[in-house]
Amino acid sequence: MSVSREEVLRIAQLAELDVDEEGLPTLAEQMSRILDYVAQLSAVPANGTVKVFVPGPDAIRFRVDEVVPSQLAFGPEDFAPDFKEGFFVVPKLGQFE
Amino acid sequence: MSDAKAVADRLVKAKRLNALLTPPKELRKSLNTQIAAARPTGVLYGMPVAVKDNICTLEFTTTCGSRILEGYRSPYEATAVAKLKAAGALIAGKTNCDEFAMGSSTEHSAYGRVLHPLDKARVPGGSSGGSAALVGAGALPAALGSETGGSVRQPAAFCGVVGIKPTYGRVSRYGLVAFGSSLDQIGVFGRSVHDAARVLSVISGRDPRDSTCEDRDPLRLPTVPESLQGFVVGLPKEYFPPELDPAVRRACDRAIRMMKELGAAVREVSLPHTPYAVPTYYVIAPAEASSNLARYDGVRYGPRFNGATDLRSLYRSTRGQGFGPEVRRRILVGTYVLSSGYYDAYYRRAQQMRALIAQDFRNVFDRGVDLLFTPTVPSPAFKAGEKLADPIAMYMSDIFTVTANLAGLPAISLPIGRVKGLPIGGQLIGQAFLEDEMIEAAYALERVVPATDEA
């Protein structure tokens, strides 16, 4: 299968990622190759009888439901790009299509 | 116990490798402070341990090898780092890595590629290439890395050092920057099995801050065994294909012979779904990455890139300029396989295949096999630039390592020989939470295998 230029742009939009015009053909070509390569997984029976494997503990461990203060060495004012009076500052929302 | 100046001097001497991201002056200053505060009764007192740059530290920046986190200082530290410090270890700076741990050569770092310690034209492997190169160059006894698909074992094999990937859930992921959450584990590099194992034992164990970390005591170190009597070692035939590099095969054959001489029973086994492991991984890992990396949007951490007139263009321009090509590619592939209309064909199939791959291992272990022995990587370290233009060729470097991540199993790579001076790694894959058995066998093999001899 091949991924078109338009499809790359659509996916990039979903991923909130700018892609530059000149890089588009290479990106489309590489994505097509990767998706072609992983398409060999269609050999797996799709009958849904295979139980999904999840590593880690079998059951969720519950802990006591109490508020524990976060132990941050410093606050967001020291690591956020723009933080004022307890808020992360962002440009105006603009048009969300 | 080592003094801070000697530790820093050794690291600064290895500067040409571009393996350490921490500037020398900052490193010296921090080591002086740390050594004064280190607990003299700790089991790792004075041991310098460098930390991959995707593991949060309070002492140094945490950039994940990315521009999008340039200069970022974490307000908290990883549990693994806190445990190291509590044991008296010194955090000896942050190591260069593929951006967000995505890569197999440490060429995908925004801060330049890492050089192989024995041949500067070659790659040290990746993504934890900085940690592997520093231990391989003798600058450190041990370092932390992280694994999602082989990012500790593959560079360990390339650089001629020991690399351990613990069972999923053995070590807390708190403070490890998330890439593929169902696969990620912090791993350890060491000059020897013992160096790696004792660091692993310190960082392992329960952590209330990570619900995927098992409620278990820290790993207890086994003693060095006299023999491998009683061990049944399986050789999965899928890991010894006809096209395997002949020198890698010779080194493996020699190691297998030695395990037999030590008394191990060796038998051929089959893990039939192995050929699907890399494609499975390259659906699941990018899918999880596309979700995990959504948080880097220029609002909360790291730098913000200019040119944004509204919120959405802030997201897009920050992410477009902040992420490098491999990360962008994986975010796009991950978004694609999770998008409407493709989910069943890709993601669901990959999840099913992952279950079959895990079942392959259970079948073999249920039939009395204790451990599996395989080559770690199909070939020795490749040349820089050789696989950069071809993502699939790069991905194939993980072919023998991704399976343990998909199945959540522990595995260790140790040097078993060389070809034209370049190290070759052999891998032992163990059963979940039986790292002690795996380490025991690695101790025994390490004692007899001529790790620096030509195969």
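**View 1. D195(B), a buried partner in a salt bridge.** With a relative accessibility of just 8%, D195(B) counts as buried. Keep in mind that this is a predicted model. The side chain of D195(B) meets that of R191(B) in a salt bridge, at 3.2 Å from N to O. Over all chains, the structure holds 22 salt bridges, and the next views pick out a few others.

**View 2. K85(B) paired with E77(B).** Here the side chains of K85(B) and E77(B) form a salt bridge, with 2.7 Å between N and O. Which partner is buried and which is partly exposed? E77(B) counts as buried because its relative accessibility is 18%, under the 20% cut-off. K85(B), at 26%, is partly exposed. As a general point, side chains of opposite charge can pair when their charged atoms come close.

**View 3. A salt bridge inside helix α10 of chain B.** R329(B) and E326(B) join their side chains in a salt bridge at 2.4 Å, N to O. How far apart are R329(B) and E326(B) along the helix? They both sit in helix α10 (residues 325-338) of chain B, three residues apart, or about one turn of the helix. Both ends of the pair are tucked away: R329(B) is buried at 6% relative accessibility, and E326(B) is buried at 4%.

**View 4. Chain A and its network of salt bridges.** Over in chain A, salt bridges link R5(A), E6(A) and E21(A) into a network. What secondary structure does chain A have? The count comes to two helices and two strands, and reading from the N terminus the order is α-α-β-β. Chain A has a radius of gyration of 22 Å, whereas a compact globule of 97 residues would come out near 13 Å. Its C-alpha atoms fill a box of roughly 50 × 45 × 25 Å along the principal axes. Of the 97 residues in chain A, 30% are buried.

**View 5. The open sheet of chain B.** Ten strands line up here in the order β2-β1-β3-β5-β4-β9-β10-β8-β6-β7, and their pairing is mixed. Which strands are at the edges? Those are β2 (90-95) and β7 (265-269) of chain B, each pairing on one side only. On average, neighbouring strands of this sheet are turned by 30 degrees against each other, direction ignored.

**View 6. Two strand pairs from that sheet.** Start with β1 (residues 48-52) of chain B, where five of the five residues are buried. Four bridges join β1(B) to β2(B), and the two run parallel. Within that pair, V49(B) stands opposite I91(B). Now look at β9 (residues 411-419) and β10 (residues 422-429) of chain B: they run antiparallel and are joined by eight bridges. As a landmark, G417(B) has I424(B) in β10(B) as its bridge partner.

**View 7. The largest nonpolar core.** This core has 172 residues, and those with the most contacts inside it include L84(B), L144(B), L332(B) and F373(B). F100(B) and F361(B) are also on that list. Which helix gives the largest share? Helix α11 (residues 344-366) of chain B does, with 10 residues. Where does this core lie with respect to the domains? It lies between domain 1 (1-270 + 348-455) and domain 2 (278-345) of chain B, because both give residues to it. Speaking generally, nonpolar side chains tend to be buried together in soluble globular proteins.

**View 8. Backbone oddities in the loop between β2 and α4 of chain B.** Zoom in on F100(B), which belongs to this loop. F100(B) has a positive phi of about 50 degrees, although it is not a glycine, and it is buried at 3% relative accessibility. T106(B) is in the loop between β2 and α4 of chain B too. Its phi is positive as well, about 55 degrees, and again it is not a glycine. T106(B) is buried, with a relative accessible area of 0%. Which peptide bond is cis? The bond from G126(B) to S127(B) is, with omega near 10 degrees. S127(B) has its place in the loop between β2 and α4 (129-136) of chain B.

**View 9. A157(B) in helix α5 of chain B.** A157(B) belongs to helix α5 (residues 153-159) of chain B. Is A157(B) buried or exposed? A157(B) counts as buried, at 4% relative accessibility. From A157(B) to G88(B) the C-alpha distance is 28 Å, and the two are 69 residues apart in sequence.

Methods. Residues are numbered from 1 along each chain as its sequence is written. Chains are lettered from A and ligands numbered from 1 in the order in which they are written. This is a predicted model: local features need pLDDT of at least 70, side-chain atom pairs count only at pLDDT 80 or more; totals for chains, interfaces and linings use all residues. Side-chain values use heavy atoms; hydrogens and water are left out. A salt bridge is a side-chain nitrogen of Lys or Arg within 4 Å of a carboxyl oxygen of Asp or Glu. Buried means under 20% relative accessible area, exposed over 50%, partly exposed in between (1.4 Å probe, protein chains only). Two strands pair if DSSP finds at least two bridges between them. Axes are lines fitted to C-alpha atoms, for helices over the stretch in contact, and angles run from 0 to 180 degrees between N-to-C directions. A nonpolar core is a set of buried Ala, Val, Leu, Ile, Met, Phe, Trp, Tyr and Cys residues joined through side-chain atoms within 4.5 Å. Domain bounds come from an automatic or database domain assignment. The radius of gyration is taken over C-alpha atoms; the globule rule is 2.2 Å times the number of residues to the power 0.38.
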